[in-house]
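These are my notebook entries on one chain and its ligand. I set down what I looked up, entry by entry.

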Amino acid sequence: MTTDAQILTALRAADAGGVSGAELSQRFGISRAAIWARIEELRMLGYDISASPHLGYRLVSAPDLLHADDLTARLGKTKVVGRDLRVFQETTSTNDVIEKLARDGVKEGVVVFAETQTKGRGRLGRKWASPARNGLWFSVLLRPDLRPQEATRLTVAAATALARAIRRVARVTPQIKWPNDILIGGKKVVGILTEMSAELDRVRHVILGIGVDVNLNAGDFPAELRKLATSLKIESGAAVDRAELAAVILRELDADYARVIGGRFAAVADEWEAQCLTLGRNVTVDLGGRRIQGYAESLDEDGTLLIRTQHGRLERIIGGDVTLEK
Ligand code: BTN
């Protein structure tokens, strides 16, 4: 952990009580002057840190920006997800950054956030708008010991973790549309783009690319999306603390990743099914050239959607665009 992350962790732990410069200096083995210099740097970034002879340093408020040290401090200890956190002010796509890190052999768990993306990608070759400082645009590198056909489990786990985090922080009720959209009141608020590199029988790495529309106003969405997309701010009626939400999402992702690789996917799938909009509905799946119509019956043990067609055949769906019939 960097000194700034250690200082922010200590300030958050002290809460309203404050912590003295002498204590910080002793704990981290650096001079009080060096602590003061770090505090000044954090203030320059917008952290409101008060200093008083009696209470010591106290974190009054944090700015609305993503800062790797602050995210690390908020996150605390995780098993895998977020062990290494990086924040870019701008990048093409966070999935591209992670892809490069994966090829360079970086350990799983690294997370890359960007305040804005110039070439954000959605599923099925679509573009993903990533307006600066309004959302969470980030990607996670995982190296699970799974077969390629089991990788959908990770998307299902990510959706479950995101739904839990959103419920907790924004206090709204999300629903999941297979495999990876999170909706509120029928409008999309989160998209997940899962990209994978694999050999025939073994996953090399998986990139979970996640876009959360956090504090966008209706006018921030392109006109053609306004009926289909929404934000947590619009739905909850108040701006959401992006850094807090980011930390909760990563903690929940870490927990669900542990469930998947620990052989407990069934529990994740049960939680997913309880919030799923797709199951028990007649759907059309567009597979890019081929369409399948039928009744969305269940999820199998790989996270695949099972659809019963009108001819009684069971189709296994691992990708594509699902439309819910009225
Ligand atoms: C979808 O089509 O629903 C998936 C959208 C995924 C968007 C996220 S934003 C962070 C990451 N980087 C990208 O370029 N895409 C994903």
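Entry 1, ligand contacts. I count a polar contact as a pair of N or O atoms within 3.5 Å. The model I am reading is predicted. With that cut-off, I looked up Arg121 and found a polar backbone atom 2.7 Å from an oxygen atom of the ligand. I then turned to Arg123, where a polar backbone atom again lies 2.7 Å from a ligand oxygen atom. For Thr94 I noted a side-chain contact: an N or O atom there is 3.2 Å from a nitrogen atom of the ligand.

Entry 2, ligand surroundings. How many residues surround the ligand? I recorded 20, and the closest are Ser93, Gln117, Arg121, Arg123 and Lys188. Arg121 and Arg123 thus appear in this list as well as among the polar contacts of the previous entry.

Entry 3, domains. I consulted the domain assignment, which divides the chain into domain 1 (3–61), domain 2 (68–274) and domain 3 (282–324). I also looked up how far apart the centres of domain 1 and domain 3 are, taken over C-alpha atoms, and noted 55 Å.

Entry 4, the sheet. I traced an open sheet of seven strands with mixed pairing, in the order E3-E4-E5-E9-E8-E7-E6. Which strands are at the edges? They are strand E3 (85–91) and strand E6 (175–177), each of which pairs on one side only. From one strand to the next I noted an average twist of 20 degrees.

Entry 5, pairing inside the sheet. Do strand E5 (residues 135–142) and strand E9 (residues 203–213) run parallel or antiparallel? I found them antiparallel, joined by eight bridges. Within this pair, I noted Gly211 in E9 as the bridge partner of Trp137. Between E3 and E4 I found six bridges in the parallel sense, and there Phe88 has Ala114 of E4 as its bridge partner. I also recorded that E3, helix H5 (residues 94–103) and E4 make a right-handed β-α-β unit.

Entry 6, helices on the sheet. My last search began again from the pair E5 and E9, with its eight antiparallel bridges. Helix H4 (residues 68–75) packs on the sheet and touches E3 and strand E4 (111–117); I noted about 140 degrees between the directions of H4 and E3. Helix H6 (residues 152–170) also packs on the sheet, touching E5, E6, strand E7 (181–184), strand E8 (187–198) and E9. The direction of H6 makes about 145 degrees with that of E8.

Technical notes:
Residues numbered from 1 in each chain as written. Predicted model: local features only at pLDDT ≥ 70, side-chain atom pairs only at ≥ 80, totals over all residues. Heavy atoms only, no water. Domains from an automatic or database assignment. Pairing = 2+ DSSP bridges. Helix = DSSP H or I, 4+ residues; strand = E, 2+ residues; numbered from the N terminus. Axes fitted to C-alpha atoms, helices over the stretch in contact; angles between N-to-C directions. Contact = heavy atoms within 4.5 Å. Right-handed = clockwise from strand over helix to strand, strands pointing away. Near = heavy atom within 4 Å. Polar contact = N/O pair within 3.5 Å; in protein donor to acceptor, adjacent residues only side chain to side chain.
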